[in-house]
Amino acid sequence: MSVIVRDDGFHAEDFAGTAVEIASDIKSDELVQLASGADMVRILFPSFSDGRGFTLARRLRDAGYAGRLRAVGPVIADQYAMARRSGFDEVEIPDDLAARQPEEQWKFRADWRAHDYRARMKG
Amino acid sequence: MYEYSDFDEAFVRARAAQFRQQVERRLDGSLTEEEFRPLRLMNGLYLQLHAYMLRIAIPYGTLSAGQMRQLAMIAERWDEGYGHFTTRQNIQFNWPKLVDVPDIIDALADVQMHAIQTSGNTIRNTTTDVFAGAAADEIADPRPIAELIREWSTDHAEFQFLPRKFKIAITGTEADRAVIRAHDIGLQLVEKDGEIGLKVLVGGGLGRTPMLGQVIRDFLPVADLLPYLEAVISTYNLMGRRDNKYKARIKITVFENGLDAFKAAVEEEFARIRPTFSGVDQEILRVIAAQFAPPAFKNDPVDSYEAALSVDPVFRRWVARNITAHKVENHAIVTISLKEHGKTPGDATADQMRVMADLADRYGYGELRISHEQNVVLPHVAKADLPAVHAELLRAGLATANVGLLSDMICCPGMDYCALATARSIPVAENLATHFRDIGLEDEIGNLKIKISGCINACGHHHIGHIGILGLDRAGVENYQITLGGDAGPQAAIGDKTGPGFAYDEVVPAIERILRAYLALRESPAETFIDAFRRLGAAPFKEALYGENRDAA
């Protein structure tokens, strides 16, 4: 099972529709087409140290995707701000990770809008 | 000099608090060692051979006297009383304890410093010309753009977990004292029709597969820089290899896909992303640039300086080696050599740091620089003050007059500190420096760049040394490979291997054979080693190294 993390903490799965799943090695030119019209896109992180998902999310948002966007995998609490800034709405983590890094460690970075140099530069 | 904005100040404080929490979470088990590793690395903390090592950022190599004093304080309070200045224009402390590091980070924040992104698979400290803002030959001071890049790249959400580390260098002059061709991205300020823009190179790097960067854009408007960097790095983030860390740098991505295909992907992304930048970054750049305005230079006459030159041979020798022309006639650029013969290149004690800070305050408008060649520079000193500066450097053991000579070597920490090293490098540097001083040939040999790495990762830049020395491990025995003909400047070149390597105690005699051949073959003392090498090729030097009968291929 897994836990959904949002700014206000941990949640159980509450999405019942069909989600499009995107692997991190997707071809850049297939990304937008695959996601178009989806209610939710799940971008899979094969490991926390593989940062491709952040670029994929940002590109999807820049291309106009407005649906729900979820990072799925062993993303760690310290990456929560990165995920949110890249355009993800939420993160789906495995239960054992949620037990090791409890809710308050994720809420510690719910301030992801603060101190964002890149947002300041982009305007 | 750049002063932190309220935004910078709030950021480094928040980041320090985050790191303190990360250390606590490592100690309580919330973070595994594997998870903690990239987090400590992106905050500058390495695990070395004997201890942790903290690498502190000195953005574009510029620091104030007050910041230098704080580094001295840190060296004494939390380390062993010295620090090591690196080819990345940073400083490393080799003996901090993990539990002390959050306090060190707070002490850095107190003087507007940090250790962010000095390691890890992130965008690293942007390096630049050590003489920026003082040199007579630059189009413009590159440091405002370096600071813009620092801010943009700091904690950039998309680029904290790249395939591999990412280094950007920028120069404001054709003379390229920043080795931009050996960086993941190299930037050169250029002028076209009265407008200043950037030549962009991509895919340079040393390491086990040395490559020189290729031009990807001849002229990029400054206003396009940040979106263009994003396009390059996000393309690399997706295209770069993650299956093999030795093939993960952008130089391999560019090489394997070809520059044209890589460039096409970059330009496509750039076209998408450019309109999302509002242009406010250019407003921020203007505010930054104003802070790099030169100081109000003194108008002191140079008579006393010229008098000292004519009567004091020690001063005269130091001026001849360690002084560079300044853009203002009655000023000079002072290079303080951290290459005393027989000492570790790039090391400075806390006392020496304080002497340099005091000199900067009294004679250098409060400013210091760290060069990628591991020396300290006072960028603006009135010539009238040079005799006093020299006298104080002499008292502190900092007046070694060897800039540009054989003993002014770049040298990595090697087996004495580094977990990756396969051979010692510091003792090789020490032996070379003392040997050539003792036989009295250092001055005769003149300008020469020797660079030493203690493993194939090439932190000592051996590929771009006129003479490069690479220490390897051959079945448990140190073996040193020699390369010739490399160069770091505008004529950048990767040196070629001469042939079989040499044992530890054969290195100094081998280098002496090469240099005696040079002295015998040069057209005149004005022909430097690298010029003679370019004229003659490698053959006579290989012959000197191996003898006529030995196959040196």
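## Exercises on chain B

An open sheet of 5 strands in chain B runs in the order E6-E7-E8-E9-E10, with mixed pairing. The model is predicted.

**Exercise 1.** Determine which strands stand at the edges of this sheet, and why one side of each is left without a neighbour.

*Solution.*
1. Take the strand order: E6-E7-E8-E9-E10.
2. Strand E6 (127–128) and strand E10 (214–221) of chain B each have a single partner strand.
3. They are therefore the edges, and one side of each lacks a neighbour in the sheet.

**Exercise 2.** Find the sense in which strands E8 and E9 of chain B pair, and over how many bridges.

*Solution.*
1. Recall the two options: strands of a sheet pair through backbone hydrogen bonds, either parallel or antiparallel.
2. Locate the strands: E8 covers residues 185–192 and E9 covers residues 195–202 of chain B.
3. Their pairing is antiparallel, over 8 bridges.
4. Check one pair: Ile185(B) stands opposite Val202(B) in E9(B).

**Exercise 3.** Trace the contacts of Val232(B) and place this residue in a nonpolar core.

*Solution.*
1. Leave out residues up to four places away in sequence; Val232(B) then touches Ile185(B), Val202(B) and Val266(B).
2. Two of these names are already known: Ile185(B) and Val202(B) face each other across E8 and E9.
3. Val232(B) is listed with Ile469(B) and Ile514(B) as having the most contacts inside the largest nonpolar core, which has 89 residues.
4. H6(B) gives the most to this core, 8 residues.
5. Domain 2 (134–291) and domain 4 (411–546) of chain B both contribute, so the core lies between them.
6. A second, separate core has 67 residues, among them Met68(B) and Leu398(B).

**Exercise 4.** Describe the side of chain B that touches chain A: its residue count, main contributor and classes.

*Solution.*
1. Count the residues: 35 come from chain B and 28 from chain A.
2. List helices that supply at least two residues each on the chain B side, including H1 (6–27), H6 (225–239) and H9 (280–291).
3. H1(B) provides the largest share, 7 residues.
4. Sort by class: 16 nonpolar, 11 polar and 8 charged residues.

**Exercise 5.** Explain why chain B counts as being as compact as a globular protein of its length.

*Solution.*
1. Chain B has 18 helices and 21 strands.
2. Its radius of gyration is 23 Å, and the globule rule gives 24 Å for 553 residues.
3. The two values are close, so chain B is as compact as a globular protein of that length.
4. Add the extents: the C-alpha trace spans about 60 × 60 × 55 Å along its principal axes.
5. Add burial: 55% of the 553 residues count as buried.

Terms used
Residues are numbered from 1 along each chain as its sequence is written. Chains are lettered from A and ligands numbered from 1 in the order in which they are written. This is a predicted model: local features need pLDDT of at least 70, side-chain atom pairs count only at pLDDT 80 or more; totals for chains, interfaces and linings use all residues. Helices (H or I, at least four residues) and strands (E, at least two) are DSSP runs, numbered from the N terminus. The radius of gyration is taken over C-alpha atoms; the globule rule is 2.2 Å times the number of residues to the power 0.38. A residue is buried if 20 or more other C-beta atoms lie within 10 Å of its own, exposed if 12 or fewer, and partly exposed in between; C-beta atoms are placed from the backbone. Two strands pair if DSSP finds at least two bridges between them. Two residues are in contact if their C-beta atoms, placed from the backbone, lie within 7 Å. Ala, Val, Leu, Ile, Met, Phe, Trp, Tyr, Cys and Pro count as nonpolar, Asp, Glu, Lys and Arg as charged, and the others, Gly among them, as polar. A nonpolar core is a set of buried Ala, Val, Leu, Ile, Met, Phe, Trp, Tyr and Cys residues joined through C-beta atoms within 7 Å. Domain bounds come from an automatic or database domain assignment.
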